[in-house]
Amino acid sequence: MKMGLGTWRFFLAFLVAISHLWSGMIHGPAAYSVWGFFVLSGYLMTYVLCNKYGFSLTGLLAYARNRFLRIYPAYYFLCFLGALTLLVLPKHGVIPSTLNPQFHGPKSWADYWFNVTLIPLWGGGDLWVPVSNALAVEVGVYILVPFMAVSRSAAWLGFILSFLINAYFGLSTGFSLRYSHFLSSFIAFGVGSLTCHYRHVLRAIALSRISVLVWCIHGVVWLWYDAWPWTYGLYVSVLLSAWVVVSLAEEDVGALDKWLGDLSYPLYLVHTTAAAWVLLFYGAGRSDFFFFIISFAITLLLSWFIIVVIDRPLGRLKYRPRV
């Protein structure tokens, strides 16, 4: 089977899930994967704005509507499931925050704002969906991507400004701030947008299997240099992710690739919540690889449910503009 961008998205989501749910996983690939998603989003949003929606008011409204339908319905379902998890499981001695320290119900108005809107202005400490900080970064960038899509100069400006912010935070220090801050993580979207703008030139270096292999090899550098992912490794991963994206973007792939791509978003949202329920009857937790296997199987089942019951029906409501 040829690997396309759908399979790549699924692979990135899998790496995030296994890194969160199994303590024996190699360090680094989860962070690389999240920023890899950002690179891919920067590329795809630039591409669809230039080639599908355009920059008229009608096109931009269609873009906004379709992004909302893609992101929020599944997310709100997971908010409900997360709130239910936080209500029920502690009564049975299960503490969901042992899987993710942000897995708490919101306590302040700022946290409620963040959980409901995903707009990264305030809050973000206590979350119904404990991976939604990265999702909020993406939502915030959706507002700015049209500017980068319409102009290469704007894409360069966004990249340069974000690079300077990363440099200000310290390229080899303060990893958590650089990794999760909206303005610093914008650098990955900037690289993705620029990759799209220069895709015709970059196709000259497109090597689908080799680019993915090199990305994976880079992911295990931590075994020999444990500081690498938290310093310059994150930025090397962005460039390698751009190479993978431009290599896979024009691969001729089939229905399985699309199905795996569809699974990637709910898989990313669901895995921590699903694992919290597994703790109820199998309390070994992240130290046990079998715990990950059970949790991941349930995650796939819930992801399939979300696609069939939420994503596919609402997908019929999307605008399909002609540029």
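A residue is called buried here when its relative accessible area is under 20%. By that cut-off Leu-118 is buried, because its relative accessible area is 0%. The structure is a predicted model, and the description below starts from this residue and moves outward to the helices around it.

**Leu-118 and helix α4**

Leu-118 is found in the loop between α4 and α5, where it follows α4 and has a positive phi, near 60°; this is a positive value in a residue other than glycine. Helix α4 itself covers residues 109-117, and its buried residues are Ala-110, Asp-111, Phe-114, Asn-115 and Thr-117. These buried residues of α4 pack against α3, which spans 57-88, and against α5.

**Tyr-75 and the nonpolar core**

Leu-118 is also one of the residues touched by Tyr-75. Leaving aside residues up to four places away in sequence, Tyr-75 touches Phe-114 and Asn-115, then Leu-118, and further along the chain Val-129, Ser-132, Leu-135, Tyr-265 and Leu-269. Both Tyr-75 and Leu-269 belong to the largest nonpolar core, which has 95 residues, and they stand with Trp-8 and Trp-35 as the residues with the most contacts inside that core. In soluble globular proteins, nonpolar side chains tend to be buried together.

**Packing of α8 with α5 and α11**

Helix α8 packs with α5 and also with α11, and the two pairs are set out here.

| Helix pair | Residue ranges | Angle | Axis separation | Handedness |
|---|---|---|---|---|
| α5 and α8 | 132-150 and 182-197 | about 40° | 10 Å | right-handed |
| α8 and α11 | 182-197 and 233-248 | about 35° | 10 Å | right-handed |

With an angle of about 40° between them, α5 is oblique to α8, because angles from 35 up to 65 degrees fall outside the roughly parallel and roughly perpendicular ranges. On the α5 side the contact involves Val-137, Glu-138, Gly-140, Val-141, Leu-144, Met-148 and Ala-149, and these meet Phe-182, Ser-185, Phe-186, Phe-189, Gly-190, Ser-193 and His-197 of α8. By class, this contact has eight nonpolar, five polar and one charged residues.

Which residues make the contact of α8 with α11? Ala-188, Val-191 and Thr-195 contribute from α8, while Val-238, Ala-242 and Val-246 contribute from α11. The residues of this contact divide into five nonpolar, one polar and no charged.

**Tyr-198, beyond α8**

Tyr-198 lies in the loop between α8 and α9, the latter spanning 199-202. Is Tyr-198 buried or partly exposed? Its relative accessible area is 26%, and Tyr-198 is therefore partly exposed. Apart from residues up to four places away in sequence, Tyr-198 touches Arg-152 and Trp-156. The C-alpha atom of Tyr-198 is separated by 9.5 Å from that of Val-246, although these two residues are 48 residues apart along the chain; Val-246 is one of the α11 residues in the contact with α8.

**Asp-311 in helix α13**

A charged residue closes this account: Asp-311 is found in helix α13, which runs over residues 289-315. Asp-311 counts as buried because its relative accessible area is 15%, a value to be read against the cut-off of under 20%. Not counting residues up to four places away in sequence, Asp-311 touches Arg-70, Ala-74 and Ile-306.

Key:
Residues numbered from 1 in each chain as written. Predicted model: local features only at pLDDT ≥ 70, side-chain atom pairs only at ≥ 80, totals over all residues. Heavy atoms only, no water. Core = buried A, V, L, I, M, F, W, Y, C linked by side-chain atoms within 4.5 Å. Buried < 20%, exposed > 50% of the residue type's maximum accessible area, 1.4 Å probe, protein only. Contact = heavy atoms within 4.5 Å. Axes fitted to C-alpha atoms, helices over the stretch in contact; angles between N-to-C directions. Helix = DSSP H or I, 4+ residues; strand = E, 2+ residues; numbered from the N terminus. Parallel < 35°, antiparallel > 145°, perpendicular 65-115°, else oblique. Left-handed = near helix turned anticlockwise from the far one by under 90°. Nonpolar A, V, L, I, M, F, W, Y, C, P; charged D, E, K, R; others polar.
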